[in-house]
Amino acid sequence: MENGPSRTAMIAAASRAAHLIVDREPHLFRDTVAGALLGERADELIGYHRRFGDHPVLSGTRSQVNARSHYTEARLEDGFGQYVILGAGLDTFAYRSPLAGRVAVFEVDHPTTQEWKRELLDAAGIDAATAEFVGVDFERDDLAAELSAHGFDRDKPALVSWLGVSMYLTEAAISATLTTLSGFAPGTELVMEYAIAPELRDESGRVYAEFALNATAGQGEPFLSFFSPEDLTALLDRHGFTVADHVSQREAVDAALWQRDDGLRPADFCRLVRAHNSGRTRI
């Protein structure tokens, strides 16, 4: 982000916005704010999906970001009073969901990314007061301390969303963040997206990876970590998290939503893991 606006944040937001335009009902997820947040870039970024929407990278990204958002936000229905979004980027939950009125939302990202997002919100006439912006440079700042300084209560369970981030980090960096999260209240739930090991991909995942890995590397954001479910379960266990589910794209939404007459299909390339903090860190 220090070299300009986050491309991955814009791509994810454009894919959520384009889903409602390019893909037919039933929609996997309805982000009605992402297009407005993209501002003057909206026509350009959504236009790629209009013109080339069946390309494996574009259709695959729409499937990925909308399925993961559907699954993660549905977890808030379990009554969590705090929602921490790690690597929030251009996430729009706080500006469109009726749940935002009863859930304290903490958007965590690099301070320069958040400054850029505030400018986009202001330009779109969107009130930013529904979220706490927690600016964190993960190489220098204490995540737990910064959250507490913004009103986060570490004695109460939270839902922690960590989507579209871990694959760009080393395992050591992932472990460092999990160490911090292990200090949150027991009952805290983590939903983390991860890239699966190459041998586990299905054919759609293999095709998506062939294009996507080269594209992200070419943009200076290469994938750095891949996990099998078993290895990630072991890593989470060492940090005091008990895994409840590993969830593929196909499993992240109701099966009926994949009964489609357009080109949108799930790909097994990234999965979600849902885990609970048991308060028994072993590291």
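Let me start with the place where two helices meet in this predicted model: from helix H1, the residues Met10, Ala14, Ser15, Ala17, Ala18, Ile21 and Val22 are in contact with Leu45, Ile46, His49 and Arg50 of helix H3. Sorted by class, this contact between H1 and H3 is made of 8 nonpolar, 2 polar and 1 charged residues.

As for how the two are arranged, packed helices in general are described by the angle between their axes and by the distance between those axes. Here H1, which covers residues 7-22, and H3, which covers residues 42-52, pack at an angle of about 50°, and their axes are 9 Å apart. That angle makes H1 oblique to H3, and the crossing in which H1 passes H3 is right-handed.

Let me turn now to the aromatic rings, where the count comes to 7 aromatic pairs. One that I would like to show you is formed by Phe152 and Phe184, whose ring centres are 4.9 Å apart and whose planes stand at 45°, so the pair is tilted. The two residues, 32 residues apart, link distant parts of the chain: Phe152 sits in the loop between helix H7 (143-149) and strand E4 (159-162), while Phe184 sits in the loop between helix H8 (171-181) and strand E5 (189-195).

Are these two rings' residues buried or exposed? Phe152 has a relative accessibility of 5% and therefore counts as buried, and Phe184, with a relative accessible area of 3%, is buried too.

Finally, please look at Tyr168, Tyr208, Phe223, Phe226 and Phe269, which together form one aromatic cluster.

Definitions and conventions. Residues numbered from 1 in each chain as written. Predicted model: local features only at pLDDT ≥ 70, side-chain atom pairs only at ≥ 80, totals over all residues. Heavy atoms only, no water. Axes fitted to C-alpha atoms, helices over the stretch in contact; angles between N-to-C directions. Helix = DSSP H or I, 4+ residues; strand = E, 2+ residues; numbered from the N terminus. Parallel < 35°, antiparallel > 145°, perpendicular 65-115°, else oblique. Left-handed = near helix turned anticlockwise from the far one by under 90°. Contact = heavy atoms within 4.5 Å. Nonpolar A, V, L, I, M, F, W, Y, C, P; charged D, E, K, R; others polar. Phe/Tyr/Trp six-rings, centres within 6.5 Å; stacked < 30°, edge-to-face > 60°. Buried < 20%, exposed > 50% of the residue type's maximum accessible area, 1.4 Å probe, protein only.
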